[in-house]
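Open the model in your viewer and keep the selection tool at hand. The stops below are meant to be taken in order.

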Amino acid sequence: NSALTACVLLRMMAKRTEVDPVMRDKMEKSAAHFETLAIGVQKAAQDLDLSQALEMLECPTIVWDRITCLDIAIKGRCEQFIESCARSALDRRFAGDLEPYG
């Protein structure tokens, strides 16, 4: 969660117009690094307990005004994280319970 948050914050700061182009490049590289770290942590959690790892993506955080890790990834456009770690959680959120009798 912290690595994903760092990724999003760095990307948001890099978009500011007053940021020096050299600093912007460093922020983008750091953001990519933190996204890679977040992917590694989530995959390790999934290897230990898949259902709990997916639940962790939907658990509201106290620090960030009850926003979920999945919401952070979506708002921050962390496409690699979503594709490699959160696809099933996103599908579950979108589809909901399509088999209410099954």
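Where in the chain is the place of Trp64? Select Trp64: its place is in the loop between α3 (50-58) and α4 (69-75). Note while you are here that the model is a predicted one.

**The loop and the surface patch**

Show the surface around Trp64. The residue is partly exposed, its relative accessible area being 41%. Add Leu9, Met12 and Val63 to the selection; with Trp64 they form a nonpolar surface patch, and together the four have about 430 Å² of accessible area.

Next, select Thr61, which lies in the loop between α3 and α4. Is Thr61 buried or exposed? Thr61 counts as buried, because its relative accessibility is 12% and the cut-off for buried is under 20%. To see what is around Thr61, display Asn1, Arg66 and Ile67: these are its contacts once neighbours within four places in sequence are left aside.

**α3 against α5**

Select α3 together with helix α5, residues 79-95. Two packed helices are described by the angle between their axes and the distance between the axes. Here the angle is about 80° and the axes are 10 Å apart, which means that α3 is roughly perpendicular to α5.

Now show side chains at the contact. From α3, pick Leu54, Glu55, Leu57 and Glu58. On the α5 side they meet Phe81, Cys85, Ala86, Ser88, Ala89, Arg92 and Arg93.

**Salt bridges**

How many salt bridges does a search of the whole structure find? The search finds 4, and three of them are visited here, beginning with Arg11 and Glu35. The side chains of Arg11 and Glu35 meet with an N to O distance of 2.6 Å. This pair links distant parts of the chain, since Arg11 is in helix α1 (residues 2-14) and Glu35 is in helix α2 (residues 21-48), 24 residues apart. Both Arg11 and Glu35 are buried.

Move to Arg16 and Glu18, whose side chains also form a salt bridge, at 2.6 Å from N to O. Glu18 is exposed, with 54% relative accessible area, while Arg16 counts as partly exposed at 47%.

Finish in helix α5 with Glu83 and Arg87. Their salt bridge has its closest N and O atoms 2.9 Å apart. The two residues are 4 residues apart in helix α5, so about one helical turn separates Glu83 from Arg87. Colour by accessibility to see that Glu83 is exposed, at 52% relative accessible area, and that Arg87 counts as partly exposed, at 35%.

Terms used:
Residues numbered from 1 in each chain as written. Predicted model: local features only at pLDDT ≥ 70, side-chain atom pairs only at ≥ 80, totals over all residues. Heavy atoms only, no water. Patch = residues over 30% accessible without salt bridge, like charges linked within 9 Å, V, L, I, M, F, W, Y side chains within 5 Å. Areas by Shrake-Rupley, 256 points an atom, 1.4 Å probe, with all protein chains shown as cover. Buried < 20%, exposed > 50% of the residue type's maximum accessible area, 1.4 Å probe, protein only. Contact = heavy atoms within 4.5 Å. Axes fitted to C-alpha atoms, helices over the stretch in contact; angles between N-to-C directions. Parallel < 35°, antiparallel > 145°, perpendicular 65-115°, else oblique.
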